[in-house]
Amino acid sequence: MTIIDTLGPGSTLVGDYKIIRVLGSGGFGNTYLAVDHNLSREVAIKEFFPRDIAFREDQTTVSIKSPKFKDNFKWGLDRFVQEAKLLAKFRHPNIVRVFRTFEANHTSYIVLDYVRGPNVEAWLQRLKRRPTQQELDELVAPLTDALALLHEAKVLHRDIKPANICIREETGDPVLLDFGASKYSMSEMTGTTAAIVSRGYSPYEAYASDSKQQGAWTDIYALGATLYRALTDGPPPEATERLLNDTIVPLRSQPLQGLRPEFLAAVDWALTVQPRARPQSITEWQPRLLAGNEEATRSWQARRLQGSGSYVGESSGTPSKATVRMSESAGARPSRHRSVALALVLLLVLGGGALAMWQIQEQQRQEIRRQDEARRYNEAEAQRLAEARRQAEEDARRGNEASKAEEDARRRTDLKRAEEEARRAEEEARRQAKKAAAEEERQAAARAAAAKAEQEEAERAERQAKKREQQEQREAKASAEPDERPRRRESKRESERRPRSYQGSASQRPASSGAGGGTPQMQGIR
Ligand SMILES: Nc1ncnc2c1ncn2[C@@H]1O[C@H](COP(=O)(O)OP(=O)(O)O)[C@@H](O)[C@H]1O
Ligand SMILES: [Mg+2]
């Protein structure tokens, strides 16, 4: 069975509106593009549909999933309508206009001005390049202006991100949509924090159950994160992660050319993790963002004055600074009579204002009481859940203990085996090293013996060469005296032939015979 969460195209609502298509579908509601038959114009319609506790019967009627959600649904529904009524009091070109609310299909609807044009996320994706400083200023100046107006009236947006800002096709104006306040109230009631935080865009105080920690600085962080995303590929790391280990790369330390350093520093300032260290108000932040571009600020202001203007309705009781700024800049200078009349009217208004103020305070007191009750209920529910979870964990722990012991024993055996293997491998390595050393020693000895033999061989060869040389020298000498030896032999024979008496001693022999020379006479006797 398919679960249909949204109304189909062609469905009609209270006879006046025909659904064209779904624009978005979140945890707390659906947004449709529709046509208003009476005025023949396109409108956006938001439908209260908290997915966790509601479902759609017969493709239209909204029902709760269990009777126990009845109060939660009713409470959320009231807040949804209340927030719409609050939003309807703002007239600002950069805050989406609320036309009306109505009930149908057992839920409530808000009819909004349809902003034709992409949301900032789609615009950035289509741009395929980094936006210029001028393009960013054209977003920042009007958006901070709209936020200042909201904050003066003590209203927070609570869900600023690129998908919740549309850029009006005709004028290029950014328009703030999807105020998270009613979602926030609803999540406080049901304890579903995840649905109201937008990863990367929500500061960490948005995760806390205590909404008292939230203020202008919460929206300032989210707008800072939106600008960070516009200049880099994505939003900053999620705030809860940043709290433990902040890995954000500040814009000032990124290679971003053509952007004012003051602007980058102002965005980094807005993205400070600690709420108290951030700009505390738009009045504090905006001048830093636009520092160095007074012209852009002026031209924006002029454009705004030509447009529909801006003011807070009865919600703040007094005219906002923006209203005052507007009337002053418009150059309206009343005459004396008109001043008196205005003073009288003002007195009356102040009287009525005091009454209205008292009523508002009373409403606020009631609201606080309701919230306290809801919180108490949530706390009790959370405690019950925690107890159930603890019990389940305890059971699981017990069940797991036996298999855990087995697992531990197996792990210990594995460890022992691994240690034994390591020891064996070490021993083997030692043995191999020893063997290699012995082999090395043997080879060195062989090398030394071979060297010695070679040397001896060389010496022997040298000795032989010397001998040969001496022999040759001797032979050369001998061949230089060829007759000497026969002559010597001759003289010897002659002396043998001579009688003994003629034989003198060696000293009596003629000197020539001793010299091996011999005379021609002696040669003739032979
Ligand atoms: N008034 C509007 N005009 C034009 N588009 C809108 C309007 N309201 C919402 N949208 C589009 O529908 C999307 C979802 O609507 P949104 O109000 O943000 O609800 P949620 O985020 O809770 O689903 C927005 O991102 C935007 O693109
Ligand atoms: Mg949205």
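**Exercise 1.** In which loop is lysine 128 found, and is this residue buried or exposed?

*Solution.* The structure is a predicted model.
- Step 1: lysine 128 lies in the loop between helix H2 (120-127) and helix H3 (133-152).
- Step 2: count the other C-beta atoms within 10 Å of lysine 128; there are 6.
- Step 3: a residue is exposed if the count is 12 or fewer, so lysine 128 is exposed with its 6.
- Step 4: the phi of lysine 128 is positive, about 55°, although the residue is not a glycine. Most residues other than glycine have a negative phi.

**Exercise 2.** Describe how strand E4 (residues 41-48) is paired and how far it is covered.

*Solution.*
- Step 1: take the pairing with strand E3 (residues 29-36). E3 and E4 run antiparallel and are joined by 8 bridges. Within this pair, valine 35 is opposite glutamate 42 of E4.
- Step 2: examine the hairpin connection. The hairpin of E3 and E4 has 4 residues between the strands, and serine 40 there has a positive phi near 45°.
- Step 3: take the pairing with strand E8 (residues 107-113). E4 and E8 are antiparallel too, with 5 bridges. Isoleucine 45 has valine 111 of E8 as its bridge partner, and lysine 46 is opposite isoleucine 110 in E8.
- Step 4: check burial. Of the 8 residues of E4, 6 are buried, and the strand is mostly covered.

**Exercise 3.** Which strand forms a hairpin with E8, and which residue in the turn has a positive phi of about 50°?

*Solution.*
- Step 1: the hairpin partner of E8 is E7, with 2 residues between the two strands. Their pairing is antiparallel and comprises 6 bridges; glutamate 103 stands opposite serine 108 in E8.
- Step 2: asparagine 105, in the turn, has the positive phi of about 50°.
- Step 3: histidine 106, in the loop between strand E7 (98-104) and E8, also has a positive phi, about 65°, without being a glycine.
- Step 4: histidine 106 has 16 other C-beta atoms within 10 Å, so it is classed as partly exposed.
- Step 5: E8 itself is mostly covered, with 6 of its 7 residues buried.

**Exercise 4.** Identify the residues with the most contacts inside the largest nonpolar core, and give the contacts of one of them.

*Solution.*
- Step 1: the largest nonpolar core comprises 69 residues.
- Step 2: the residues with the most contacts inside this core are Val43, Ile45, Leu112, Leu176, Val267 and Ala270.
- Step 3: choose valine 267. With neighbours within four places in sequence left aside, its contacts are Gly224, Leu227, Tyr228 and Leu251.

**Exercise 5.** Which residues come nearest to ligand 1, and which strand supplies the largest share of its shell?

*Solution.*
- Step 1: ligand 1 has 18 residues around it, of which Leu23, Gly24, Gly26, Ala44 and Asp178 come nearest.
- Step 2: strand E2 (17-25), E3 and E8 each contribute at least two shell residues. The largest share, 3 residues, is from E2.
- Step 3: sorted by class, the shell holds 9 nonpolar, 7 polar and 2 charged residues.

**Exercise 6.** What is the mean pLDDT of the protein chain, and over which residues does pLDDT stay under 50?

*Solution.*
- Step 1: the mean pLDDT is 79, and 69% of the residues reach 70 or more.
- Step 2: pLDDT stays under 50 over residues 307-340, for which the model has 46 contacts beyond four places in sequence.
- Step 3: residues 499-526 also have a pLDDT below 50, and this stretch has 18 contacts in the model beyond near neighbours in sequence.

Notes:
Residues are numbered from 1 along each chain as its sequence is written. Chains are lettered from A and ligands numbered from 1 in the order in which they are written. This is a predicted model: local features need pLDDT of at least 70, side-chain atom pairs count only at pLDDT 80 or more; totals for chains, interfaces and linings use all residues. A nonpolar core is a set of buried Ala, Val, Leu, Ile, Met, Phe, Trp, Tyr and Cys residues joined through C-beta atoms within 7 Å. A residue is buried if 20 or more other C-beta atoms lie within 10 Å of its own, exposed if 12 or fewer, and partly exposed in between; C-beta atoms are placed from the backbone. Two residues are in contact if their C-beta atoms, placed from the backbone, lie within 7 Å. Two strands pair if DSSP finds at least two bridges between them. pLDDT is the predictor's confidence in each residue, from 0 to 100. A residue is near a molecule or strand if its C-beta atom, placed from the backbone, lies within 6 Å of it. Ala, Val, Leu, Ile, Met, Phe, Trp, Tyr, Cys and Pro count as nonpolar, Asp, Glu, Lys and Arg as charged, and the others, Gly among them, as polar.
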